[in-house]
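Got your viewer open? Set the display to cartoon and get ready to click along.

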Amino acid sequence: MNISDLDNGTGNGNGHGRTADGIDESVTAELARLRDSIDNIDAAVVHMLAERFKCTQQVGHLKARHQLPPADPGREASQIARLRQLAENAKLDPAFAEKLLNFIIAEVIRHHETIAAGEE
């Protein structure tokens, strides 16, 4: 069941403030509010990632012009350490943050390799 399966909060006519499924209307309203916030955050994350990749594409072109390697292990290690600390401070699992950054870094390196090979 999802939020769209539930009553829209206008009641089911039984006067008890519950949906047809017996869920309190205040619960469905709170669930909808939280899901709206999650949707907004997801949109912001996508836009931030798009902006990040625009910057890393420019880095890839700069590296290619100057025959620099696509990967920079020193930079990657410092970024991972920095992100782990940020995650700890934000009460986010640092291991999760590191996995996410490693995924992003791998994609960036793939883009840089493509650019260096002249395929972009």
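Here is a short tour, one selection at a time.

Start with the whole chain, keeping in mind that this is a predicted model. You should find 3 helices and 0 strands, so to speak in the order α-α-α along the sequence. Of the 120 residues, 19% count as buried. Switch on the surface if you like: the chain exposes about 8,600 Å², and carbon and sulfur atoms supply 58% of that area.

Next, select residues 25-65, which make up helix H1. With 41 residues at 1.5 Å each, H1 should span 60 Å, and its end C-alpha atoms are indeed 60 Å apart, so the two values agree. Now show side chains for the buried residues of H1: Glu-25, Thr-28, Phe-53, Thr-56, Gln-57, Gly-60 and Lys-63. What do these buried residues pack against? They pack against H3. Before moving on, click Gln-67, which follows H1 and has a positive phi, near 50 degrees.

Now select residues 73-89 (helix H2) and 94-116 (helix H3). The two helices pack at an angle of about 145 degrees, with 9 Å between their axes, and H2 passes H3 in a right-handed crossing.

Zoom in on that contact. From H2, show Glu-76, Gln-79, Ile-80, Leu-83, Arg-84, Ala-87 and Glu-88. The H3 residues they meet are Pro-94, Ala-95, Ala-97, Glu-98, Leu-101, Asn-102, Ile-105 and Ile-109. Color this set by residue type, and you get 9 nonpolar, 2 polar and 4 charged.

Finally, zoom back out: among contacts in the chain with a separation of 6 or more, 43% join residues 24 or more positions apart.

Key
Residues numbered from 1 in each chain as written. Predicted model: local features only at pLDDT ≥ 70, side-chain atom pairs only at ≥ 80, totals over all residues. Heavy atoms only, no water. Axes fitted to C-alpha atoms, helices over the stretch in contact; angles between N-to-C directions. Helix = DSSP H or I, 4+ residues; strand = E, 2+ residues; numbered from the N terminus. Left-handed = near helix turned anticlockwise from the far one by under 90°. Contact = heavy atoms within 4.5 Å. Nonpolar A, V, L, I, M, F, W, Y, C, P; charged D, E, K, R; others polar. Expected span 1.5 Å × (residues − 1). Buried < 20%, exposed > 50% of the residue type's maximum accessible area, 1.4 Å probe, protein only. Areas by Shrake-Rupley, 256 points an atom, 1.4 Å probe, with all protein chains shown as cover.
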